[in-house]
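Student: Please take one part of this model and go through it closely. I would like the packing of its helices described, with the cut-offs behind each term.

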Amino acid sequence: MTHTADDATLATTGLAPDGDGQILLLACGALAREILDIKARNGWDHLDLTCLPAILHVHPERITDAVRDAVAKHKDQYAKIYVVYADCGTGGLLQAACAELGVEMVQGPHCYAFFDGVQAFEDRGEVTSFFLTDFLVRQFDSFVWKPLGLDRHPELLSMYFGNYEALVYLAQTHDPALVEMARAHAERMGLRFEHRQTGYGDLETTLEGWAAP
C-alpha cells in the first residue's frame, strides 16, 4: 500500500499505518513526506509509518499523552515502535514517557535541530532566528500566523517577533517555489531571510539505525 496524504490531512488528522511492517515509526504529521521518501529510497518495507496530527505542535502539552495513547494502541501489532518526535516543547515529558514505555525517540530539542544536525544547530546558538521547514513553509498561515492571531491583530507582530532578527528556512528539498514562499514569509514578518539547504540531516541517519536488522 502506498501512503498519500495532503498537508491539511497530515495537519489535522495524521496518517494511519499500513499494517504490513514489523517496525512502526510513530511520527509527527509534519514529517510524513520526508519519512515516506526516505523509506521509499531505501526500500525499507519492514518499516510502517503512522503520524499524529501535526497541529499538536500548536499545543505541545498534548503531545506526550497522544504518543502514549498511540503506543498503547499499536504495541501489540509490532515488534518495535520508534517515536519520530524530538522534545518539541514538551519540557522533557515526552522523553520521560518514552523511557517509561520502553520506546526510543529522536534526539534533539525539535525538528529544526535534527534537520540541521543537532550538534551544528547547538553550536550556532541562533537564539534570534525563527525557523521553518518545508512543511511549515507550506503551512505557515495555519501553524504560525493564525494561531498567534496575526490574521486578526497584525499589530501584535512586534510583540511576538520583535526580538527576532532572521527567518531561517531549513530546506529538505530543492524547490524554488518554497524558497520564494519562505522569503515572502520573512518579508511579512520584517525579518532577514536565510535559506539553508539541510536535506534530511539527522533524521535520515536515525532512521538508518532503526531500520538495520
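Tutor: What follows is a close look at helix packing, with a few single residues added.

This is a predicted model, in which local features need pLDDT of at least 70 and side-chain atom pairs count only at pLDDT 80 or more, while totals for chains, interfaces and linings use all residues. Residues are numbered from 1 along each chain as its sequence is written, and side-chain values use heavy atoms, with hydrogens and water left out.

Helix 11 covers residues 201-211, and its buried residues are L203, E204, L207, W210 and A211. Helices here are DSSP runs of H or I with at least four residues, strands are runs of E with at least two, and both are numbered from the N terminus. Buried means under 20% relative accessible area, exposed means over 50%, and partly exposed is in between, with a 1.4 Å probe and protein chains only. Viewed down the axis of helix 11, the buried residues fall within an arc of 125°, so they line one face of the helix. The arc is taken from the directions that run from the helix axis to the C-beta atoms. An α-helix has 3.6 residues a turn, so residues three or four places apart point the same way.

The buried residues of helix 11 pack against strand 1 (23-28), helix 2 (32-42), strand 2 (47-52), strand 3 (80-84), strand 4 (104-105) and helix 5 (111-116). Contact means heavy atoms within 4.5 Å. L203 in helix 11 is buried, with a relative accessible area of 0%. Leaving aside neighbours within four places in sequence, L203 is in contact with E34, I35, I38, V84, F114 and F115. By contrast, the C-alpha atoms of L203 and R188 are separated by 30 Å, although these residues are 15 residues apart along the chain.

Two packed helices are described by the angle between their axes and the distance between the axes. For helix 2 and helix 11 the angle is about 50° and the axes are 11 Å apart. That makes helix 2 oblique to helix 11. Axes are lines fitted to C-alpha atoms, for helices over the stretch in contact, and the angles run from 0 to 180 degrees between N-to-C directions. Angles under 35 degrees count as roughly parallel, over 145 as roughly antiparallel, 65 to 115 as roughly perpendicular, and the rest as oblique. The crossing of helix 2 past helix 11 is right-handed. A crossing is right-handed if the near helix is turned clockwise from the far one by less than a right angle, and left-handed if anticlockwise. On the helix 2 side the contact involves E34, I35, I38, R41 and N42, which meet L203, E204 and L207 in helix 11. By class, this contact has 4 nonpolar, 1 polar and 3 charged residues. Ala, Val, Leu, Ile, Met, Phe, Trp, Tyr, Cys and Pro count as nonpolar, Asp, Glu, Lys and Arg as charged, and the others, Gly among them, as polar.

A second helix pair can be set beside this one. The axes of helix 3 (residues 63-74) and helix 4 (residues 93-101) come within 9 Å and cross at roughly 20°. Helix 3 and helix 4 are therefore roughly parallel to each other. Helix 3 also passes helix 4 in a right-handed crossing. I63, T64, V67, R68 and V71 in helix 3 meet L93, L94, A97, E100 and L101 in helix 4. That contact has 7 nonpolar, 1 polar and 2 charged residues by class.

Within helix 4, the buried residues are L94, A97 and C98. Seen down the axis of helix 4, they fall within an arc of 100°, so they line one face of the helix. A99 and E100, on the other side of helix 4, are exposed. The partners of the buried residues of helix 4 are helix 3, strand 3 and strand 4.

The flanks of helix 4 have two backbone details. Just after helix 4, G102 takes a positive phi of about 75°. C88, in the loop between strand 3 and helix 4, has a positive phi of about 55° although C88 is not a glycine. Most residues other than glycine have a negative phi. C88 counts as buried at 10% relative accessibility.

E61, in the loop between strand 2 and helix 3, counts as exposed at 56% relative accessibility. E61 and L94 are 33 residues apart in sequence and 9.6 Å apart in space, C-alpha to C-alpha.
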